[in-house]
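Dear colleague,

Please find below the structure for your review. A short account of the findings follows it.

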Amino acid sequence: MKPMMMAAAVTLATWTLTAVAEPSIFKGADLKLGAQLLAEHKCSTCHTRRVGGDGSAIYKPGGRISTPAFLRGMVEQCNTELNLGMFPEDVTAVAAVLNRDHYKFK
Ligand code: HEC
């Protein structure tokens, strides 16, 4: 991407962030459950193998995951691929915790 376009994209992202108060898809999500599921399914164990540290470097705010819905979709994909058997509200809870701690979509 050219520097000018990059700057435009960043500006646009900032506008989007300030315009909306809270990702509505995470409203009412059970954050306690989400944190518990993240630990239970050892999400960070595998991520650590890939990126080191506590594994949280795998979560890249400003990377290809650019919307709350995309984030939730990524967790859903892990759920399916890894055969974790999480219910839709579990997936939402996990994504909401990742959003609170890492992605911080507003
Ligand atoms: C078997 C290993 C493994 C497990 C278990 C695993 N992941 Fe991942 N995860 C990966 C790898 C590898 C990537 C990086 C994929 C890439 O960059 O293309 C990734 C990437 C991600 C991303 C995207 C990060 C970003 O910003 O691009 C999210 C979100 C994520 N994982 C969530 C989870 C959650 C939630 C769990 C547990 C329920 C989990 N993962 C369990 C291997 C794993």
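Over residues 15–20, pLDDT (the predictor's confidence in each residue, from 0 to 100) stays under 50. For this stretch the model has 2 contacts beyond four places in sequence, two residues being in contact if their C-beta atoms, placed from the backbone, lie within 7 Å. This is a predicted model, in which local features need pLDDT of at least 70 and side-chain atom pairs count only at pLDDT 80 or more, while totals for chains, interfaces and linings use all residues. Residues are numbered from 1 along each chain as its sequence is written.

The chain has a mean pLDDT of 87, and 80% of its residues reach 70 or more. Confidence is lowest in helix 1 (residues 3–19), with a mean of 53, and highest in helix 5, at 97. Helices (H or I, at least four residues) are DSSP runs, numbered from the N terminus.

Around the ligand there are 18 residues, of which His-41, Cys-43, Cys-46, Lys-60 and Cys-78 come nearest; a residue is near if its C-beta atom, placed from the backbone, lies within 6 Å of the molecule. Helix 3 (43–51), helix 4 (68–81) and helix 5 (88–103) each give two or more residues to this shell. The largest share, 4 residues, comes from helix 3.

Helix 5 also contributes the largest share of the largest nonpolar core, 8 residues. Such a core is a set of buried Ala, Val, Leu, Ile, Met, Phe, Trp, Tyr and Cys residues joined through C-beta atoms within 7 Å, where buried means that 20 or more other C-beta atoms lie within 10 Å of the residue's own.

Yours sincerely
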